[in-house]
Amino acid sequence: MAWPTPGSTVAIWKQPDSVTADNLVEISGLHFRRSGRPIFSGLDLGIRRGSITAIMGPSGTGKTTLLRMITGQLRPESGTVKVAGQNVAALSRNALFDLRRRMGMLFQNSALLTDLDVFENIAFPVRENTRLPDALIRHVVLTKLNSVGLRGAADLMPAELSGGMARRVAMARAMVLDPELLLYDEPFSGLDPISLGVVLRLIRLNNDALGLTSIVVSHDVAEISHIADHCIVISEGRVIASGGPRELADSPSDLVRQFMTGAADGPVPFHYPAPDYAEQLLGVGR
Amino acid sequence: MTLPLQLWGGLVDSLRKLGAVTLFLVAILRQCPAALARPRLISQQVHNSGVLSLVIIMMSAFFVGMVIGLQGYDSLARLRQEDVLGAVVALTLFKELGPVVTALLFAGRAGTALASEIGLMRATDQLAAMEVMAIDPIRRIIAPRFVGAVISVPLLTAVFNAVGILGAWFIGVQVMGVDNGAFWSQMQEFVDPEDIFEGVLKSFVFGVTAGLVAVYEGYNSPPTAEGVGMATTRTVVTTSILVLVLDYLITAYLL
């Protein structure tokens, strides 16, 4: 069963914080389809500077697609995605690359370069984008590695890292050019509780210490609620709710509450639509 | 769907893919100067594609040379022209077998490695991560590998020709008893610079073809295990067919 559209069942739906001078990312009227299936149907949202914003929603709702639009890897059919006041889709390739140097992104599978060791993985964007001398690159890389607690792992290859360590290395790589905006795609998936706690702490610490703006796409509602300043729930191509974590947890909407509490049944039913159970068991139909 | 419609659809798809490959080649060529400005990246790829293919190239060349030596000796002996064996072997290798077999072996050894490496980088988001880091994957990953292939294939062809001639010399002179002086002097007598040029031209064109197909298939492979496998298979099949077709076209043009 599909999620209800905004306005139909969700009581706390509101136009979220969009188009203010304080927003680093502004998305308005975003439409996008993949293989004929609508992913976004008039999405509007804004991301405040200096905040950690959690973007949540059911699987397949387009959260990762949204991150790819913010980084300019995908272009919207209509509507605008603005980062730091620049319309991403309208930028030339050089201007887009200039903008991307102000962003960092942590991929779900870390996306470390498998033929480079940890040190070279983090040095990679610095070597490719700057002409800094090796001594300074070494200093920068070791500083970032130390900030994620992996200075001692500089010589390891990606295949020798645990999932949590790989995520932290990817985080150090995403931060190495001191971006303004850091995007996290499912940063907690597949992590043990200790690694998860470390990554959570690092997201908060980095955001506050470096004055970043962070967007975290995650299914882990309980975990992300601990550190997010603002939560946005997306479904059926639109924002269906937004607000602080506590505000969403206390939402009068069954749908939002089901999502926030992870209840198995509710507006999104446990059972996929099927014929009558008794009739099917008794052999009527297939 | 009727047969004419299917054929039309196939034609349109083929033209679309040809256009996409051409645009991809243009994008690579634009980044080649930047890639060539970093010789370490190029030499690394020449090592991966070329040096690591040397064993299979040399082994194959020696046996191909021995077969040409045997077959050539058998045919020429019927005409009592065994002395021109050296010239026949050299012309066969320089003009045809050297470039063609090297390109086919390159597609099987290095082309598949390139396609699967790039396909896996796509599947594990390494290429997407580069784009987000403001690093153009065409400049950093694709162009050096393409240039590496274009450099490697002619060099491997030269090695193939040299080892192939040694294989033919071993069979013809050492085993079958063709005169050593006649073997080499006839080769010098009958092989013209134009013959060498034809081989060099073919090996260069095949290097561009094998490199382009491998990086294109890898770069555009679906990000799944099956997708990478299919890209690898398509690399070998497409390169093999294109090499044989281009070989005919170049031969027909130059003769």
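In this predicted model, chain B has an average pLDDT of 95 (the predictor's confidence in each residue, from 0 to 100), and 100% of the residues of chain B score at least 70. The scores of the model are ipTM 0.80 and pTM 0.84. Residues are numbered from 1 along each chain as its sequence is written, and chains are lettered from A in the order in which they are written. Local features need pLDDT of at least 70 and side-chain atom pairs pLDDT 80 or more, whereas totals for chains, interfaces and linings use all residues.

The largest nonpolar core (buried Ala, Val, Leu, Ile, Met, Phe, Trp, Tyr and Cys residues joined through C-beta atoms within 7 Å) comprises 138 residues, with A:Leu183 and A:Val233 making the most contacts inside it. Helix 4 (residues 85-123) of chain B gives the most to this core, 18 residues; helices are DSSP runs of H or I of at least four residues, and strands are runs of E of at least two, numbered from the N terminus.

Helix 5 (residues 163-175) of chain A spans 19 Å from its first C-alpha to its last, close to the 18 Å expected at 1.5 Å a residue, the expectation being 1.5 Å times one less than the number of residues. Of its 13 residues, 11 are buried, so helix 5 of chain A is largely enclosed by the rest of the structure. A residue is buried if 20 or more other C-beta atoms, placed from the backbone, lie within 10 Å of its own, exposed if 12 or fewer, and partly exposed in between. A:Ser162, in the loop between helix 4 and helix 5 of chain A, is exposed, with 11 other C-beta atoms within 10 Å.
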